[in-house]
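Visitor: Hi, I have this one open on my screen and would like to walk through it with you. Can we start with the side chains and then move on to the sheets?

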Amino acid sequence: MRGRNSISIIMARSERTSRSASSRVLCCNPHRVSVAEGGLSQRTATPRDPSDLEPAQTDNMAAPSTQACGLMERSIRDRVPPLLTDLYQFTMAYAYWRAGRHQEPAVFELFFRDNPFGGGFSLFAGLTDCLLFLRSFRLSEEDVAFLRSVLPPDTDPAFFHFLRGLDCSGVTVRSVPEGTVVFARVPLMEVSGPLAVVQLLETSLLCLVNYASLVCSNAARFRLAAGPRRKLLEMGLRRAQGPDGGLTASRYTHIGGGFAINVQAGFLFGIPVAGTMAHSYVTSFSSLEEVWPQTLVAVNGDPDPVDFISLTKGWLSRVCEQLGAEPEKIREGELAAFLSYAIAYPHNFLPVIDSYSVSCSGLLNFCAVALALHELGYRPLGIRLDSGDLCRQSVHVRHVFRLCSKHFSISDFHSLIIVGTNNISEQSMTELNKMENEIDVVGVGTHLVTCTKQPSLGCVYKKSTVPGRKAVYRLVDAEGHPFLDLLCLEAEPAPQAGHLLRCYHLCRDNTPLSVTPAQVTCLRQEVFTKGQVTHPPCSNAETRAKVQSSLQTLHPRHKRLQEPESYTVVLSEKLYNLVTEIRQGSNNESNFLLAN
């Protein structure tokens, strides 16, 4: 019995107690359903698209409702309270306070040093959670009481009174929009405010951005590896690093281009969830006697229920005859499972067919049940393969679907979905594209949510050693591709489209570079000030769309999965000169942009 990455239907259902794994084989009933010669009358069918796996909840992907926003903010308060930080943040805050420096203005910048997975880009994610965290940041009496117990006993009691009154009313955040393609060493967020407060925010902000951006970037890479035709189904909850890791993975892999099976993520974040069935459901049946109810009402409104078991057995005889199959090898328990599931979900029939033998049992049972559903006016969705040679099996399955479509004059069978799952990695996904296959939807779990190629993005949160606030601009060429990110002082005039710009490579020699952009975009926007979110957070659907458009404009040479070309990040001439002066003035002090 196989259980690798098996997934359950979206709708909650109690799983039956497992019975004997050795299901009885089924001898086909020779009785045939009385139909016109040549099979059922043909229905006009629209081509099946893998998006049919997406549930009706897709409509909920619009701007989040007040209830959804409330759930998200409550989730942040529960998951990321002010004490979710390192102890040294509080000891440093105390030292600032004792020195009378706690109200000094300070600016911290959040960035990462290298693009993840050896790739050419990353995606910025987690901003919405950061803003909700900042808005609710406040230590309770219970929090402060705990800090009294862990800080040294000679800590000045007045410090705890100071902590009790802390909030983010003096904090300002300027940020790259969530869902934007970003590159190493470009500051993603600038956090300014009283020194003690912005110091206390460090660990929590890094925690919210690091994994969200990493797993979102990983999902985008899997999405690119899957190719434009296939859907990507994230199914890694059971493999994730704990419940919060699973929730975060489902949310941000959806934003990165996948679809989730995590019901709680759908509830909290309003993202669509989908699913099929597990091997455990199939192997829990051993006999047709366990199927109940045994009837199904046709779509056309006929009130008289049809004996669905007899109808299916008739179709099974015809399928075996057409394909030259051996009826004695068909598993009765598997057919019972398919029948029971189809009766429960006639509009969403997509079983896993490799619990026993795909060619000798699972595929035949599926075709029989699917043909019976079709006769009653329903449209089966397809099948899932979870073991063996997925490519070879998918080709065989598609061949059988086409034979049934032709022989029984049912065009729907041409467009049935084939889902492939089984410990799929980015590399195996890439290899899959090189082989003949008929897989429409790829389910990925462990390698996606655990980011096995790189477990951490490595974001850092550093106090800026370059005076003045900075601006970030993205320069776009005449073909609409970004080709350079420019860091400059905020007080400098913005670069102009069509005007020559002199700048200097970040982390390279001091040779100047001259470029003329066709378009210029300011990447940084003020998103939080005086304790309030000033730029409305996007819904998950909007951020997902932002990711796709951002990736679409990126030149293929930068988004190659293997050996991508490095994206150019530069300093303006004025900022470069300022950095040079500072470095020359203090050889022991290095600027975060150039040395960290």
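Visitor: What does the charged end of Arg544 sit over?

Guide: In this predicted model, it sits over the ring of Phe259, 4.5 Å from the ring's centre.

Visitor: And is Phe259 buried or exposed?

Guide: Phe259 counts as buried, because its relative accessibility is 9% and the cut-off for buried is under 20%. Phe259 belongs to strand 7, residues 259–260. Leu233 is 26 residues away in sequence, yet the C-alpha atoms of Phe259 and Leu233 are 4.7 Å apart in space.

Visitor: Which ring does Arg251 lie over?

Guide: That one is Phe269: Arg251 lies over its face, at 4.6 Å from the ring centre.

Visitor: Nice. How many aromatic pairs are there in the whole structure?

Guide: A search finds 17 of them. One of these joins Tyr341 and Tyr345, with ring centres 5.1 Å apart and planes at 55°, so the pair is tilted. Both of these tyrosines are buried.

Visitor: What about Phe366 and Phe401, how are their rings placed?

Guide: Their centres are 5.6 Å apart and the planes are at 50°, so this pair is tilted as well. The pair links distant parts of the chain, with Phe366 in helix 13 (residues 358–375) and Phe401 in helix 14 (residues 390–407), 35 residues apart. Phe366 and Phe401 are both buried.

Visitor: Which residues form an aromatic cluster?

Guide: Tyr94, Trp97, Phe159, Phe160 and Phe162 form one.

Visitor: OK, sheets now. What is the strand order in the sheet with antiparallel pairing?

Guide: That open sheet has 6 strands in the order 13-1-5-3-19-20. Its edges are strand 13 (459–463) and strand 20 (532–533), each pairing on one side only. Strand 1 (residues 105–112) is joined to strand 13 by 5 bridges, and Phe112 has Cys459 in strand 13 as its bridge partner.

Visitor: Which strands does helix 7 touch?

Guide: Helix 7 (residues 202–226) packs on the sheet and touches strand 1, strand 5 and strand 13, with its direction at about 150° to that of strand 13.

Visitor: And the sheet with mixed pairing, what order does it have?

Guide: Its 6 strands run 17-16-21-15-14-18, again as an open sheet. Strand 17 (512–515) and strand 18 (519–522) are the edges. On average, neighbouring strands there are turned by 40° against each other, direction ignored. Helix 19 (residues 573–585) packs on this sheet, touching strands that include strand 14 and strand 21 (568–572).

Key
Residues numbered from 1 in each chain as written. Predicted model: local features only at pLDDT ≥ 70, side-chain atom pairs only at ≥ 80, totals over all residues. Heavy atoms only, no water. Pairing = 2+ DSSP bridges. Helix = DSSP H or I, 4+ residues; strand = E, 2+ residues; numbered from the N terminus. Contact = heavy atoms within 4.5 Å. Axes fitted to C-alpha atoms, helices over the stretch in contact; angles between N-to-C directions. Buried < 20%, exposed > 50% of the residue type's maximum accessible area, 1.4 Å probe, protein only. Phe/Tyr/Trp six-rings, centres within 6.5 Å; stacked < 30°, edge-to-face > 60°. Lys NZ or Arg CZ within 6 Å of the ring centre and 35° of its normal.
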